[in-house]
Each structure stands twice: as C-alpha cells, then as structure tokens.
Amino acid sequence: MSGVMKRMGMIFRAKANKALDRAEDPRETLDYSYQKQLELLQKVRRGVADVATSRKRLELQLNQLQSQSSKLEDQGRKALALGREDLAREALSRRAALQQQVTDLEVQHQTLQGEEEKLTLAAQRLQAKVDAFRTKKETIKATYTAAQAQTRIAESFSGISEEMSDVGTAIQRAEDKTAQLQARAGAIDELLASGALDDASGLARDDIQSELDRLSGGTDVELELARMKAELAGGSTPQQQAIEGGNGAQQQTQQPQDTPRFDKQ
C-alpha cells in the first residue's frame with residue numbers, strides 16, 4: 001500500500017510539473033522577480049529614510065541640550081558675579097547632568113549615522129543589481145519573444161502548428177466535399193442520360209432521340225476509325241472516295257450535255 005501511494009504521489013507531481021511547465025511564461029516570471037526586487041529596494045530605502053529621520057531627531061535634541069548647557073553656564077557666571085555661589089553651584093550641577101545626556105545622545109547619533117551609511121551603501125548596491133537585472137530581463141524577454149516567433153513561423157511553414165493544422169484539415173474537408181458533390185452530379189447526369197431518372201424540369205429529350213443520338217455518335221466513331229485506317233494504309237478515306245465517286249457521276253452526267261448533237265438530214 002505504501003508503494004502504491006508513493007507511485008501515485010510521483011505520478012501526481014509529474015503531471016503537475018508538466019502542467020506548470022506548459023502554463024509558465026518565462027517573461028512573466030522575470031517580470032515578477034523584477035517586481036519583488038523593486039519591492040525589496042523600496043524597503044531598504046524606507047529603512048534608510050527611517051534611520052536618517054532618527055538621526056535628525058537626535059541632532060535636534062543635541063542642539064537643544066547644548067543650548068540649555070550654554071544657558072546654565074551663563075547663569076552660573078552671573079550668580080558668581082552677584083555673590084550667589086549657591087545659585088552658581090546649582091546651575092553648574094544642572095549643566096553637568098545635561099552634558100551627560102549630550103554625551104549619550106552623541107554616541108547614539110554616531111551609531112545611527114553608521115547604520116545610515118551602511119544602509120545607504122546597501123541600497124546603492126541593490127539599485128545597481130536591480131538595474132542590471134532589468135537590462136538582462138529585457139534582453140532575455142526579447143530573445144524569448146524572437147525565438148517564439150521564429151518557432152511559430154517554422155511550424156506554420158512545416159504545417160505542424162495547431163492553426164495551420166486546422167486550416168489544412170478544413171481544406172481537406174472542402175476538397176473531399178467538392179469531390180463528393182462532383183461525383184454525385186456526374187452520376188445524376190449519367191442516370192438522366194440513360195433514362196433511369198426522369199428530368200423533373202421537362203427539358204430532357206425522349207428515349208427515341210437519345211437512341212438516335214447514340215447511334216449517330218457510334219457512326220461518327222466508325223467513320224473516324226475507318227479514315228484513320230485508310231490514312232495509315234496510304235489509301236483514301238471513305239469521305240474522299242464518296243467525294244470522288246460523286247465527282248465521277250457528275251462528270252458522266254454532264255458529258256452527254258457537252259456532246260454536240262447532229263440533226264439528220
């Protein structure tokens with residue numbers, strides 16, 4: 001049972017693979033791959049933009065902290081000038097806390113700046129690969145389209161394409177039907193001529209006339225055959241003999257007319 005199931009699974013996979021090969025268009029696959037690469041490039045670019053936005057936000061925070069630190073330093077100087085050492089000490093303490101925040105933000109800023117540079121370089125490299133893939137994709141698509149067109153033309157000339165096969169089948173059916181109609185028409189003419197069928201139009205000749213035409217045609221054939229035999233034998237044809245015989249009789253008929261008549265004295 002296990003062997004049967006494995007065999008059925010193999011047959012199913014083979015059928016599915018064949019169907020997929022028949023349905024797959026390499027041009028569509030290339031376009032889909034190119035689309036996925038563009039989507040990946042867009043994600044990398046969005047990552048670069050997000051990192052750059054975070055870096056810019058840190059820069060704004062650093063500027064604000066540095067501005068507050070400068071302000072606290074000025075306040076400490078003024079407090080010392082006015083003899084308020086306690087205020088000066090408070091101002092310097094706050095300034096020291098701000099400086100620690102500035103240091104931490106500067107470390108984060110440098111980290112983000114490094115990540116931004118890496119992502120920017122990766123985006124540039126990916127952009128170059130996508131451009132190269134696009135060029136190669138268009139070349140492969142053009143080559144595939146040309147090969148497909150050449151194959152169709154060759155199949156059309158050889159008559160093995162589906163379209164030309166259908167055309168050839170239609171032509172063969174038309175020729176067979178035409179031959180069948182011609183044979184049927186000839187058979188009907190022969191039956192009408194022999195009298196086996198009646199002409200419904202009433203234009204057909206009667207049987208007596210048909211028999212006379214047949215005998216007349218046979219006589220013409222016999223005369224033509226006799227003429228050809230006479231020519232081969234070197235003699236005169238029956239027509240010539242009939243003509244010569246007619247001329248002789250005419251001469252004999254005309255001769256008494258040409259002979260002078262003498263009256264008896």
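**Exercise 1. Placing Ala96**

In which helix is Ala96 found? Decide also whether Ala96 is buried, partly exposed or exposed.

*Solution.* The model is predicted.
- Step 1: Look along helix α3; Ala96 is found there.
- Step 2: Take its relative accessibility, 48%. Exposed would need over 50%, and buried under 20%. Ala96 therefore counts as partly exposed.
- Step 3: Compare sequence with space. Ala96 and Glu73 are 23 residues apart in sequence. Their C-alpha atoms lie 9.8 Å apart.

**Exercise 2. The span of α2**

Check the span of helix α2 against its number of residues.

*Solution.*
- Step 1: Find the helix. α2 covers residues 26-81.
- Step 2: Work out the expected span. With 56 residues at 1.5 Å a residue, α2 should span 82 Å. The count used is one less than the number of residues.
- Step 3: Compare. The end C-alpha atoms of α2 are 83 Å apart, which agrees.
- Step 4: Look just past the helix. Gly83 there takes a positive phi of about 80°.

**Exercise 3. The ring pair**

Classify the pair formed by the rings of Tyr34 and Phe133 as stacked, tilted or edge-to-face.

*Solution.*
- Step 1: Count. There is 1 aromatic pair.
- Step 2: Test it. The ring centres of Tyr34 and Phe133 are 6.4 Å apart, and the planes stand at 15°. Pairing needs centres within 6.5 Å, and stacking needs planes under 30 degrees apart. The pair is therefore stacked.
- Step 3: Place the partners. Tyr34 is in helix α2 and Phe133 is in helix α3, 99 residues apart. The pair thus links distant parts of the chain.
- Step 4: Check the surroundings. Tyr34 counts as buried, at 13% relative accessibility. The charged end of Lys137 sits over the Tyr34 ring, 5.0 Å from its centre.

**Exercise 4. Following Lys137**

Name the salt-bridge partner of Lys137 in helix α2, then find the network around the two residues.

*Solution.*
- Step 1: Start from the total. The structure holds 16 salt bridges.
- Step 2: Pick the partner. Lys137 meets Asp31 in a salt bridge, at 3.2 Å from N to O.
- Step 3: Place both ends. Lys137 is in α3 and Asp31 in α2, 106 residues apart.
- Step 4: Compare exposure. Lys137 counts as buried at 4% relative accessibility, whereas Asp31 is partly exposed at 31%.
- Step 5: Widen the view. Asp31, Lys137, Glu138 and Lys141 are linked in a network of salt bridges.

**Exercise 5. Bridges inside a helix**

How far apart in helical turns are Arg94 and Glu90? Repeat the task for Glu231 and Arg227.

*Solution.*
- Step 1: Find the first bridge. The closest N and O atoms of Arg94 and Glu90 are 3.2 Å apart.
- Step 2: Count along α3. The two are 4 residues apart, so about one helical turn separates them.
- Step 3: Turn to α5, residues 207-233. Glu231 and Arg227 are also 4 residues apart there, separated by about one helical turn. Their closest N and O atoms are 2.4 Å apart.
- Step 4: Recall the geometry. An α-helix has 3.6 residues a turn, so residues three or four places apart point the same way.

**Exercise 6. The nonpolar core**

Which residues make up the largest nonpolar core?

*Solution.*
- Step 1: List its 7 residues: Leu58, Leu62, Leu65, Leu72, Leu98, Val102 and Leu105.
- Step 2: Assign them. α2 and α3 each give two or more residues. α2 gives the most, with 4.
- Step 3: Zoom in. Beyond four places in sequence, Leu58 touches Leu105, Gln108, His109 and Leu112.

Key
Residues are numbered from 1 along each chain as its sequence is written. This is a predicted model: local features need pLDDT of at least 70, side-chain atom pairs count only at pLDDT 80 or more; totals for chains, interfaces and linings use all residues. Side-chain values use heavy atoms; hydrogens and water are left out. Rings of Phe, Tyr and Trp (its six-membered ring) pair if their centres lie within 6.5 Å; planes under 30 degrees apart count as stacked, over 60 as edge-to-face and the rest as tilted. Buried means under 20% relative accessible area, exposed over 50%, partly exposed in between (1.4 Å probe, protein chains only). A charge sits over a ring if NZ of Lys or CZ of Arg is within 6 Å of the ring centre and within 35 degrees of the ring normal. A nonpolar core is a set of buried Ala, Val, Leu, Ile, Met, Phe, Trp, Tyr and Cys residues joined through side-chain atoms within 4.5 Å. Contact means heavy atoms within 4.5 Å. A salt bridge is a side-chain nitrogen of Lys or Arg within 4 Å of a carboxyl oxygen of Asp or Glu.
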